[in-house]
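Reader: I would like to go through the labels attached to this model one at a time, and to hear the reasoning behind each of them.

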Amino acid sequence: MMRMMTLEELRARVDTNVEDVPLQVKLDDAIDFVEGYLNQSFDDDNPMPGRVKRIIAKYVNSELSFDGAEGIKSESLAGMSQTFESREERDNAFKSLLRATRLRKLRW
């Protein structure tokens, strides 16, 4: 199954010097999170939109900042700042971003 976001594409979006293998694991985890929340998979027939790739890159970047410790983490990007106390709080913020894409498919 093609995931539609490569490690090279992630590296273009996230400034990091993390080695390929751990970064690929984080990319796979982020894609699983997004696809699970949206209830859909992205492949050749259903390509991943750029706005979803941006959210995945933000998720990976956030995951990199959480490595090693749980607690208050903050990030600033282009003059905007956000702070998360836990992964759960961070995940809820990403779910809100994903809801805004209107790509979530309901399953009956």
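Reader: Why does Gln 40 count as buried or exposed, whichever it is?

Author: This is a predicted model, and in it Gln 40 has a relative accessibility of 8%; since buried means under 20%, Gln 40 counts as buried. Gln 40 belongs to the loop between H2 and H3.

Reader: What makes the approach of the Gln 40 side chain to the side chain of Asn 46 a polar contact?

Author: The distance given for the two side chains is 2.7 Å, and a polar contact asks for a pair of N or O atoms within 3.5 Å, so the pair meets that cut-off.

Reader: How do you know that the length of H4 agrees with what a helix of its residue count should span?

Author: H4 has 14 residues, which at 1.5 Å a residue should span 20 Å, and because its end C-alpha atoms are 20 Å apart, the two values agree. For helix H2, residues 20–38, the reach from the first C-alpha to the last is 26 Å, close to the expected 27 Å.

Reader: Which residues of H4 are buried, and why can they be said to line one face?

Author: The buried residues of H4 are Arg 90, Asp 91, Phe 94 and Leu 98. Seen down the axis of H4, these buried residues fall within an arc of 95°, and therefore they line one face of the helix. On the other side of H4, Glu 88 and Ala 100 are exposed.

Reader: Why is the aromatic pair of Phe 33 and Tyr 59 called stacked, tilted or edge-to-face, as the case may be?

Author: A search of the whole structure finds 2 aromatic pairs. In the one formed by Phe 33 and Tyr 59 the centres are 4.8 Å apart, with 25° between the planes; rings pair if their centres lie within 6.5 Å, and planes under 30 degrees apart count as stacked, so this pair is stacked. Because Phe 33 lies in helix H2 and Tyr 59 in helix H3, the pair ties together parts that are 26 residues apart in sequence. Both residues are buried, and together with Phe 94 they form one aromatic cluster.

Reader: What makes the charged end of Arg 90 one that sits over the ring of Tyr 59?

Author: The charged end of Arg 90 is 4.5 Å from the centre of the Tyr 59 ring, and the definition asks for a distance within 6 Å, together with a position within 35 degrees of the ring normal. The charged end of Arg 104 likewise sits over the ring of Tyr 37, 4.0 Å from its centre.

Note on methods
Residues numbered from 1 in each chain as written. Predicted model: local features only at pLDDT ≥ 70, side-chain atom pairs only at ≥ 80, totals over all residues. Heavy atoms only, no water. Helix = DSSP H or I, 4+ residues; strand = E, 2+ residues; numbered from the N terminus. Expected span 1.5 Å × (residues − 1). Buried < 20%, exposed > 50% of the residue type's maximum accessible area, 1.4 Å probe, protein only. Arc of directions from axis to C-beta. Polar contact = N/O pair within 3.5 Å; in protein donor to acceptor, adjacent residues only side chain to side chain. Phe/Tyr/Trp six-rings, centres within 6.5 Å; stacked < 30°, edge-to-face > 60°.
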